[in-house]
Amino acid sequence: MALVGYARVSTTDQELTHQIAVLTSAGCRKIFSEKMTGARKEGRQALDDCLDYLREGDTLVITRIDRLSRSLRDLQNLVHELEGQNIKLRATEQAIDTSSASGKAFLDMLGVFAEFETRLRQERQREGIARAKARGAYKGRKPTAQAKAEQVIELTLAGLTREAVADQLGRASVYRILKTWRQQHPDAILPGERVKPSLSDSEPSTKHVTIAP
């Protein structure tokens, strides 16, 4: 019978230090951790490894149930899977312990609230986008190429070759940005370009002759 910990944060700029410290203090000698969204179970390799590591009689320890999942269905499926292997679930910051009836009931209740919170947040995001669109202020996700446009032009005007800029910022984006800039500034000359002769210099003018009847 072992205490096995699982820690998770949603984004790479968040830290796992606190959760790991709490799980260690709770007696976990083996802790799995990862930085992944908790909306669904799929794609969370550390959680899969943790579940494979657990054995009958072990206890999976987390700090809060939303570290496991924010989806009520996924949470219920996971708890059912653990119960089928005689593995308990315990949370350090909530009154959750599936070894008792009250602990299981509290888990079900918190699972409902966790999913409700997720749905509310998604609804607020959709409403915010709708209001922004109504004001004409919503442009959608900013394309990567557009986000780099100013930097591409700046580096090119500074004298870097297109290959050098492409190595830094991505080849497809660089050439597409330069092409667009060239179309918007037909009279400008970028470093490394040849001066294109004007029509009057390169082609003879056509003379129109009127023949009297």
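Trainee: How many bridges join strand E4 to E5?
Mentor: Keep in mind that this is a predicted model, where local features need pLDDT of at least 70, side-chain atom pairs count only at pLDDT 80 or more, and totals for chains, interfaces and linings use all residues. Residues are numbered from 1 along each chain as its sequence is written, and side-chain values use heavy atoms, leaving out hydrogens and water. Strands (E, at least two residues) and helices (H or I, at least four) are DSSP runs, numbered from the N terminus. Strand E4 covers residues 88–91 and runs antiparallel to E5, and the bridges between them number two.

Trainee: Which residue in E5 is the bridge partner of Arg90?
Mentor: Two strands count as paired if DSSP finds at least two bridges between them. For Arg90, the partner in E5 is Asp97.

Trainee: In what order do the five strands sit in the sheet?
Mentor: The sheet is open, and its pairing is mixed. Strands of a sheet pair through backbone hydrogen bonds, either parallel or antiparallel. Here the order is E2-E1-E3-E4-E5.

Trainee: So which strands stand at the edges?
Mentor: An edge strand here has a single partner strand, so one side of it is left without a neighbour in the sheet. That fits residues 30–35 and 96–97, which are strands E2 and E5.

Trainee: At about what angle does helix H1 run to E1?
Mentor: H1, residues 17–25, lies across E1 (3–9), E2 and E3 (59–62). Axes are lines fitted to C-alpha atoms, for helices over the stretch in contact, and angles run from 0 to 180 degrees between N-to-C directions. For H1 and E1 the angle is about 165°.

Trainee: Which residues does Ile31 contact, leaving aside neighbours within four places in sequence?
Mentor: Ile31 belongs to strand E2 and is partly exposed at 24% relative accessible area. On that scale, buried means under 20%, exposed over 50% and partly exposed in between, with a 1.4 Å probe and protein chains only. Contact means heavy atoms within 4.5 Å. With those neighbours set aside, Ile31 touches Gly5, Ile20, Leu23 and Thr24.

Trainee: How far apart are the C-alpha atoms of Ile31 and Leu60?
Mentor: Along the chain these two are 29 residues apart. In space, the separation of their C-alpha atoms is 9.6 Å.

Trainee: Over which ring does the charged end of Lys30 sit?
Mentor: The rule asks for NZ of Lys or CZ of Arg within 6 Å of the ring centre and within 35 degrees of the ring normal. The end of Lys30 is 5.6 Å from the centre of the ring in question, that of Tyr53.

Trainee: Within what arc do the buried residues of H2 fall?
Mentor: H2 spans residues 45–53, and its buried residues are Ala46, Leu47, Cys50 and Leu51. Seen down the axis, they line one face of the helix because they fall within a limited arc, 135°. The arc is that of the directions from the helix axis to the C-beta atoms. Those buried residues pack against E1, E2, E3 and helix H3 (72–84), and their arc is 135°.

Trainee: Is Thr63 buried or exposed?
Mentor: Thr63 lies in the loop between E3 and H3. Beyond four places in sequence, its contacts include Gln19, Val22, Ala91 and Gln94. Its relative accessible area is 1%, so Thr63 is buried.

Trainee: What is the phi of Asn86?
Mentor: Asn86 sits in the loop between H3 and E4, and at 33% relative accessibility it counts as partly exposed. Although Asn86 is not a glycine, its phi is positive, at about 60°.
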